[in-house]
Amino acid sequence: MEKVITVQTESSRYPVFVGNNSLCKINEILHSINPTTICIVTDETVKALHLNTVLDVLSDKFSYHIFTTPIGEKAKSFDVYQQLVDFAATKGLDRKSIFIALGGGAIGDLTGFAAATYMRGVEFIQVPTTILAHDSSVGGKTGINLQAGKNLIGAFHHPAAVIYHLPFLNTLPDNEKRSGFAEIIKESMIHPQSFLNELMNQFQTVSDLHGEEFFKPLIQGLETKKIYVEQDEKEMGVRAYLNLGHTLGHAIEANVGYGKITHGEAVFIGLIFALKLSEKVFLKDLQISNFINWAKKLEYTTYLPQDLSFTKLLNTMKRDKKTVSGQIRFVLLNGYGKPVLKEISDDTILATLKEWKNEIAEEGSFI
């Protein structure tokens with residue numbers, strides 16, 4: 001199982017290596033760049049699990065330093081960013097040095113932003129270790145969080161390469177598998193030839209999310225990302241479709257507290273809300289009940305966390321990057337495979353949230 005996907009934008013061209021032996025490509029990429037020094041950025045968990053695997057493969061020709069971050073979204077803060085660039089400067093990294101992001105989406109976002117800004121820009125390589133990072137490692141979006149919202153500080157800075165070594169996924173706990181699979185589900189909904197039905201037929205439990213069976217949907221997800229990134233590098237138009245489920249999802253993360261709910265779990269709740277809005281706006285039957293019943297088999301949370309204020313969620317969504325002049329814009333579906341960016345009024349958002357709450361209460365669940 002080996003695949004190379006080439007991402008070509010106006011400003012950049014780079015390979016995405018996916019497979020059981022993809023890590024062996026790291027020296028080939030590094031030799032082509034010939035860096036003076038390497039800074040490997042990883043978190044405490046990934047360091048213990050996978051760092052030695054990378055170092056065992058890394059050629060003796062290259063000198064390196066290791067910077068370790070906190071786990072998860074805590075890595076994407078101003079404090080950790082400052083510590084990282086200070087570390088790079090102290091270790092003597094220059095404009096010919098390179099960063100390697102070894103970890104999940106948070107590590108990739110932080111490392112990419114450091115690479116984009118250190119000495120006004122140096123190269124970096126993405127080495128994702130989670131399912132979720134298949135999405136975030138491609139496309140050049142980098143950034144850190146503010147208390148007011150996710151990824152409000154950042155830059156577009158493409159990696160020199162993405163090395164997606166599938167054996168790293170074997171160590172993921174179930175909640176991280178679900179988190180990453182949520183992004184593939186999103187991609188299945190917006191791909192011009194939607195592959196949601198394939199996913200629903202093939203994957204019935206979390207234990208199905210591994211091995212050779214998972215290779216095809218992972219590639220389909222990456223190719224969906226490639227379609228929209230190549231059309232719209234700086235997210236001025238159709239690339240926003242990749243944010244399906246994220247408007248509410250990011251608001252949930254900000255209000256619950258970063259790290260207290262996984263990104264994918266929050267996005268999944270956002271997907272359900274986007275489907276409900278879509279049915280209301282376009283008067284289409286998107287078979288939401290079938291989708292939710294399938295999601296429950298995979299043990300996804302299918303309702304909002306308890307005690308979240310709808311008004312606070314609304315105010316957080318107004319800080320979403322798609323919002324223009326205070327008008328919240330959602331990615332909706334005019335049918336599967338037909339994403340649309342649509343302005344939605346505050347009244348409609350609040351009314352739909354309340355209707356959803358009432359539905360859940362009638363089912364006997366808490367919201």
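A cavity is here a set of grid points where a 1.4 Å probe fits but cannot get out. By this rule, the predicted model contains two cavities of 30 Å³ or more. Rolling a probe the size of a water molecule over the atoms shows where empty space is left, and the two enclosed spaces make a convenient place to begin.

The largest cavity has a volume of about 90 Å³. Its lining is made up of Ala-148, Gly-149, Lys-150, Leu-152, Thr-247, His-250, Ala-251, Thr-316, Met-317, Arg-319, Asp-320 and Lys-321. Three elements, namely strand E8 (149-156), helix H9 (246-256) and helix H12 (310-317), each contribute at least two residues to this lining. In chemical terms the lining of the largest cavity is evenly divided, with four nonpolar, four polar and four charged residues.

The second largest cavity has a volume of about 50 Å³. Around this second space lie Glu-235, Asn-243, His-246, His-250, Asp-320, Lys-321 and Lys-322. What classes of residue make up the lining of the second largest cavity? The lining has three polar and four charged residues, and no nonpolar ones. His-250, Asp-320 and Lys-321 appear in the lining of the second largest cavity and are also found in that of the largest.

Open pockets were examined as well. The second largest pocket has a volume of about 200 Å³. Of the 15 residues that line this pocket, Leu-166, Leu-169, Asn-170, His-210 and Gly-211 are the closest to its centre. Nine of the lining residues of the second largest pocket are nonpolar, four are polar and two are charged.

Attention then turned to contacts between charged groups. Side chains of opposite charge can pair when their charged atoms come close. In this structure there are 16 salt bridges, and three of them are described here in turn.

One salt bridge joins the side chains of Lys-225 and Asp-135, with an N to O distance of 3.8 Å. Lys-225 belongs to helix H8 (residues 215-231) and Asp-135 to helix H5 (residues 133-136), so this pair ties together parts that are 90 residues apart in sequence. Are Lys-225 and Asp-135 buried or exposed? Both residues are buried.

A further salt bridge links Lys-141 with Glu-235, where the closest N and O atoms are 2.3 Å apart. Because Lys-141 sits in strand E7 (residues 141-146) while Glu-235 sits in the loop between H8 and H9, the pair ties together parts that are 94 residues apart in sequence. Lys-141 is partly exposed, its relative accessible area being 31%, whereas Glu-235 counts as buried at 18% relative accessibility. Glu-235 is also one of the residues that line the second largest cavity.

The side chains of Glu-359 and Lys-276 meet in another salt bridge, at 2.8 Å from N to O. Here the partners come from helix H13 (residues 346-363), which holds Glu-359, and helix H10 (residues 263-282), which holds Lys-276, so the pair ties together parts that are 83 residues apart in sequence. Glu-359 is partly exposed, with a relative accessible area of 34%, and Lys-276 is buried, with a value of 14%. Salt bridges with shared partners also join Asp-135, Glu-183, Lys-186 and Lys-225 into one network.

Cysteines were considered next. A disulfide is a covalent bond between the sulfur atoms of two cysteines. How many disulfides does a search of the whole structure find? The search finds zero. Among the cysteines, Cys-24 counts as exposed because its relative accessibility is 52%, and exposed means over 50%. Cys-39, at 0% relative accessibility, counts as buried.

At the level of the whole chain, the model has 13 helices and eleven strands. The radius of gyration is 20 Å, close to the 21 Å that the globule rule gives for 367 residues, so the chain is as compact as a globular protein of that length. Taken along the principal axes, the C-alpha atoms fill a box of roughly 65 × 40 × 35 Å. Buried residues account for 56% of the 367 residues in the chain.

Phe-124 offers an example of a buried residue, with a relative accessible area of 1%. This phenylalanine lies in strand E6 (residues 123-128). The C-alpha atom of Phe-124 is separated by 5.2 Å from that of Ile-98, although the two residues are 26 residues apart along the chain.

Definitions and conventions: Residues are numbered from 1 along each chain as its sequence is written. This is a predicted model: local features need pLDDT of at least 70, side-chain atom pairs count only at pLDDT 80 or more; totals for chains, interfaces and linings use all residues. Side-chain values use heavy atoms; hydrogens and water are left out. On a 1 Å grid over the protein atoms alone, a cavity is a set of points where a 1.4 Å probe fits but cannot get out, and a pocket is an open set with protein on both sides within 12 Å along at least five of seven lines; lining residues have an atom within 4 Å of a point. Grid points are joined across faces, edges and corners, and a volume is the space filled by probe spheres set on the points. Helices (H or I, at least four residues) and strands (E, at least two) are DSSP runs, numbered from the N terminus. Ala, Val, Leu, Ile, Met, Phe, Trp, Tyr, Cys and Pro count as nonpolar, Asp, Glu, Lys and Arg as charged, and the others, Gly among them, as polar. A disulfide is a pair of cysteine sulfur atoms within 2.5 Å. Buried means under 20% relative accessible area, exposed over 50%, partly exposed in between (1.4 Å probe, protein chains only). A salt bridge is a side-chain nitrogen of Lys or Arg within 4 Å of a carboxyl oxygen of Asp or Glu. The radius of gyration is taken over C-alpha atoms; the globule rule is 2.2 Å times the number of residues to the power 0.38.
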